[in-house]
Each structure stands twice: as structure tokens, then as C-alpha cells.
Amino acid sequence: MTAHVIADDAEALAVAASLAAEFRTGASARDIQRRLPREELDRLSASGLLAVTVPAEHGGADVSASTLAEIFRLLASADGSLSQIPQSHFAYVNVIRRQGTDEQQKFFFSELLAGRRFGNAQSEAGTKHVQDIRTRLQPGPAGSYVLDGVKHYSTGALFADWIPVLARAEDDKLHVAYVPGLTVIDDWDGLGQRTTASGTVRLEGVEVPADRVLPHHLTFEGPQLHGAVAQLLHAAIDAGIAGGALAEAAEFVRTKSRPWFESGVETAAEDPLLIQRFGELAIQARASEALLREAARAVDAARADLTDDSAAEASIAVAAAKVSAAQAAVEVASALFEVSGTRSALNSLNLHRHWRDARTHTLHDPTRWKIQHIGRYVLNGTRPPRHGLL
């Protein structure tokens, strides 16, 4: 595989905007048919967007968190499913940036610049909670390791060249093993984000060379931005879904909706009550985008001067953005029907894909706990915990 190498933030944003426009055209049909976006992901790889966080010393653009968040918002405004697929990709690029040896970084950054994709095998079903990881990484022959376990919700794994597997070693500490060629079962049947292929990965005696294993537990032993960046991208997806739903609602009302007979106007777009409602929805969507930008700036500031305080401020800013974006995505996507009228509920139009994507994606991690951490920080100065979900 060969890929274009993006030079800087400006080019990254231009490429993302162009691809978003391209992906928007077929988004509804892909969702209806559950046609997995293999061609679109190949376009994404070839464009160079998946390598934009490779450090400059390794030949990458090393874009800011602000740019990365905007890339995801643009893609999500076009397709709330497709935009979810590379979220874990960038999270596990960050693991290499922080914990990889010089040789590991040289190898994997070269892979990324060539257009290779990371998936993920992280979550497990039926365990006590999301952090109860039971997949085991045990010593194998000739200094290698062996993986055993079952992973669910493995978004992106079906399309990946490398699948980062989260596992616990004999000492119960978390590691990430980067594994090629795993079998992925396409059994995802979610009501939304239908084309993410977030299926099952079964690991039975999978041998992994030692130089493909990274000590992820070290990530959380000091101030870190791993969780903040991962959650920033989730917030960007939600903000993008909200913006995409609002734009489609406006287009529908302008071109297809009929005015209510009591309004006395010629077109639905002139109805003062609809105008009022669109204003309210626009404020909600714009507020989520503003908080997203603020959170990204906080992450960039912390990246430039990483301390316990700067990391905490970044995590809290991202938590606020995620709460706002999640609410906006669900509410705006639901209000689409309220403002568009009865015809918008036709299954054949598939306008409900925005709400389905929003409702599914916002279940990733509960905003109620983010609000708790924000409140503790503001009231008592309690820094948020160090984990990958905040």
C-alpha cells in the first residue's frame, strides 16, 4: 500500500473536508444496505489522514489536537458510522508515541505513513465492568508472548492491517500487543453505526513477538493525555452527527416540508415557529462545537507543557465537551423529525440514521460520570482519575 503524506494542519483539514463531501453522498445507502465502507477506508488511508499524528521527526505532519478533532467532526457530519472506525486507530497511535521504543516507533510510524490501519481488540463482554480485562498475555517460546481471550465491539478490526489487543500480563498489568492477520467475526448488529463492523475477535494461543508488545500500564503512572485525546475524538463524532442532522433537517424543510395551515405562510421555511426551533437547535449544535474547540485547545496546551494540573484541565475540558456534544447529537437528531414533519418518518428516507448513530455512539461511556468529575474538580479541586475514559 502507498499513501500520500500530508504536510501540515491546513492540508489535513482540506483533505478531510474533501473526503467528508465525498463520503456524505453514499452514507445513507451504506447504512440501509449495511454495506461495509472498505472502498471509503481505502480512500482514507491513501489520503494520508490516518498518519497525521505521526511525529515530525518520523516524517509526519504531527497535527494539533484541534486539527484532529476537526477532522473527526467533518467526517462524522457526513457519516456517523465511518467516522467511528478510525477513532481507536489514533488512540493506539498515541500508545506508540508514548510507550514505544525507538525501534518500535520507527517501524510502526513507517507503517502508518504507508497507509496501514490500526483496529482495536479492547472491550470484553460479560465481565464485571469495562476495565475488567481478562485477555491474558503470557510468556511464549523464544521470548515471545501468547494471547488468549475474546474481544467484543472491536471497531475497525475487520478493516485493519494491525489489531492492537489490550491484555493483562502475568503481573496483571495492562499491555497492548499489535497483531496482524487476526480473524474477526462480523457479528455487530447495533441499531446504529451499522457499518463499523464492531464484531468479535477470538484469541486462542496467538503468538506475538516481544517487539510488538508495549507496556500500556506505564501510560497512567504520570500525567497523561491518552484518555483526553480518545474522548476528544468521541466528542468530535457526536458534534459532527449533530451538525449533520441539523443540516439535513434544514434541507428537508426547505425543499420537502409543507407549512402548517395555521401559519399563514407559503413555505415551511417561513413558519416563525419552525424558525424559532431551528434557532434553538443551532445554538445547541454551535455550543457543542465551541466546547469541542476549547477542549482541543486545552489538550494542545497540556501537550506543550504536560503537568498534573495541565492534564487535569485538559481532561475536564474534554469531559465538558463530550457531555455537551452527546446531548446535542441525540436531541438534534431527534428534533429532525419534529421540525420536518410526518413525511420525514418514512423508513425509505432513512433520516433516522442520524438518531440511531447518535444514540448508539453516546452509549460508549456515561456522561453522568463525566459530570461528576467536572463537579468535583470545580467544587473541591479534585483532579480527575487517570484512565483512558476521561
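Which residues lie nearest the centre of the second largest pocket, and how many residues line that pocket? Let me take that up at once, with the reminder that what we are looking at is a predicted model. The second largest pocket is lined by 20 residues, and those lying nearest its centre are Arg258, Pro259, Trp260, Ser340 and Gly341. Its volume comes to about 470 Å³, and its lining divides into eight nonpolar, five polar and seven charged residues. Helices H7 and H8 each supply at least two residues of that lining, with the largest share, four residues, coming from H7.

Pro259 leads us on to Val265, since Pro259 is among the residues in contact with Val265 once neighbours within four places in sequence are left aside, the others being Glu270 and Asp271. Val265 itself sits in the loop between helix H6, residues 226-255, and helix H7, residues 272-304, and it is partly exposed, with a relative accessible area of 24%. If you want a sense of separation, Val265 and His89 are 50 Å apart in space, C-alpha to C-alpha, and 176 residues apart in sequence.

Now to the largest pocket, which has a volume of about 1200 Å³. Of the 47 residues that line this pocket, Gln122, Ser123, Val130, His364 and Leu389 are the closest to its centre. The elements giving two or more residues to the lining are helix H4 (87-99), H6 and helix H10 (367-380), and by class the lining holds 17 nonpolar, 25 polar and five charged residues.

Turning to the interior, the largest nonpolar core has 73 residues, of which Leu44, Leu49, Val52, Leu225, Leu232 and Val299 touch the most other members. Helices H1, H2, H3, H6, H7 and H8 each supply at least two residues of this core, and H6 gives the most, with 16 residues. Taking Val299 as one case, and leaving aside neighbours within four places in sequence, we find this residue in contact with Ala65, Leu225, Ala228, Val229, Ala314 and Val318. There is also a second, separate core of 18 residues, which includes Val54, Phe108, Leu113 and Leu174.

Finally, is Thr200, in strand S6, buried or exposed? Thr200 counts as buried, because its relative accessibility is 4% and the cut-off for that class is under 20%. The side chain of Thr200 is joined to that of Asp187 by a polar contact of 2.8 Å, and, beyond its neighbours within four places in sequence, Thr200 is in contact with residues including Val150, His152, Val184 and Ile185.

Conventions. Residues numbered from 1 in each chain as written. Predicted model: local features only at pLDDT ≥ 70, side-chain atom pairs only at ≥ 80, totals over all residues. Heavy atoms only, no water. Buried < 20%, exposed > 50% of the residue type's maximum accessible area, 1.4 Å probe, protein only. Contact = heavy atoms within 4.5 Å. Core = buried A, V, L, I, M, F, W, Y, C linked by side-chain atoms within 4.5 Å. Polar contact = N/O pair within 3.5 Å; in protein donor to acceptor, adjacent residues only side chain to side chain. 1 Å grid on protein atoms, 1.4 Å probe; cavity = no way out; pocket = protein on both sides within 12 Å on 5 of 7 lines; lining within 4 Å. Points joined across faces, edges and corners; volume = space filled by probe spheres on them. Nonpolar A, V, L, I, M, F, W, Y, C, P; charged D, E, K, R; others polar.
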